[in-house]
Amino acid sequence: PRHPVTPSTPRDKYLAFSYKLLSPLRSSLITGLGLCLLLRANNWQTMAIAGCLAIASKFLFRHKSKHFFNPANFGIIAALLLTQDAWVSPGQWGTDWWYLLLFAGTGGMVLQKVGRWDTSAAFFGAYAGLEALRSLWLGQGWDVYFHHFTSGSLLLFALFMLTDPRSIPNARASRLIWAFGIAWLTFILQHQFYLSTAIFWALFVLSPLTIVLDSIWSAPRFTWQGKSLKTIAP
């Protein structure tokens, strides 16, 4: 485990207090934005249920002080299962190329900060390869193939939700295997069972695999490091 350094000056105490106060708020804000961007409902109560269950999952489903479900993804699946008026529309963002530039740019900045670009790269590489083989098998044109990757929901999922550093495997080898598995299951659910929300179900089903992979490949757990507030191992 890692513990914050004991503050020694009033400024350090203020920074430590601000970090403890704002860190949970930032986490809740990120989860709320994920739900607002991806989940749709006819009643505000449904969104409230999704938000409450998303935050609750961080405390209910833990292993060695680490939650293994992505909170926003858990909230989406819970709303789909428990209510009658929730849905996810993968095509709600359209297929314009400027979405690709916007999400790729912002996603790139986030991935550079958290250092989890390998997860998105592995998912995109595996999913693109599977889709290419399917297109060749069916004799489809490349315009149909590239159309799969202009979905705003897919980009949001792969660049932000799939790379949550607090809920994905710690070691790089684990993350690569995990991302390949999610890409494979997404492909199966989408083309064999015709689920338009296949990416979210795939992540939900394989999230507990994080526990197994972390037990096989040991690596330091991700921690946010501020410029003025550092952490040290005891």
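**Exercise 1. Describe how helices H8 and H9 cross in this predicted model.**

*Solution.* The handedness comes first: H8 and H9 cross in a right-handed manner. Next, the geometry is taken: H8 spans residues 172-191 and H9 spans residues 198-206, and the two pack at an angle of about 135° with axes 8 Å apart. This angle makes H8 oblique to H9, because angles over 145 degrees would be needed for roughly antiparallel and 65 to 115 for roughly perpendicular.

**Exercise 2. Determine which residues form the contact of H8 with H9, and classify them.**

*Solution.* On the H8 side, the residues are Trp178, Gly181, Ile182, Leu185, Thr186, Leu189 and Gln190. They meet Ala198, Ile199, Trp201, Ala202, Leu203, Val205 and Leu206 of H9. Sorted by character, the residues of this contact comprise eleven nonpolar, three polar and no charged.

**Exercise 3. Establish whether Ile199 is buried or exposed, and identify its surroundings.**

*Solution.* Ile199 belongs to helix H9. Its relative accessibility is 10%, so Ile199 counts as buried, the cut-off being under 20%. Leaving aside residues up to four places away in sequence, Ile199 touches Phe123, Ser153, Leu154, Phe157 and Thr186. Asn73 lies 126 residues from Ile199 along the chain, yet their C-alpha atoms are separated by 9.8 Å.

**Exercise 4. Compare the UniProt annotation "transmembrane region" with the modelled chain.**

*Solution.* The unreviewed UniProt entry gives this annotation to residues 44-61, 68-85, 145-163, 175-193 and 199-217. Residues 44-61 are 94% helix and 0% strand, with end C-alpha atoms 25 Å apart. For residues 145-163, the values are 68% helix and 0% strand, with 24 Å between the end C-alpha atoms.

Definitions and conventions. Residues numbered from 1 in each chain as written. Predicted model: local features only at pLDDT ≥ 70, side-chain atom pairs only at ≥ 80, totals over all residues. Heavy atoms only, no water. Axes fitted to C-alpha atoms, helices over the stretch in contact; angles between N-to-C directions. Helix = DSSP H or I, 4+ residues; strand = E, 2+ residues; numbered from the N terminus. Parallel < 35°, antiparallel > 145°, perpendicular 65-115°, else oblique. Left-handed = near helix turned anticlockwise from the far one by under 90°. Contact = heavy atoms within 4.5 Å. Nonpolar A, V, L, I, M, F, W, Y, C, P; charged D, E, K, R; others polar. UniProt positions renumbered as here; feature names shortened; annotations may be inferred. Buried < 20%, exposed > 50% of the residue type's maximum accessible area, 1.4 Å probe, protein only.
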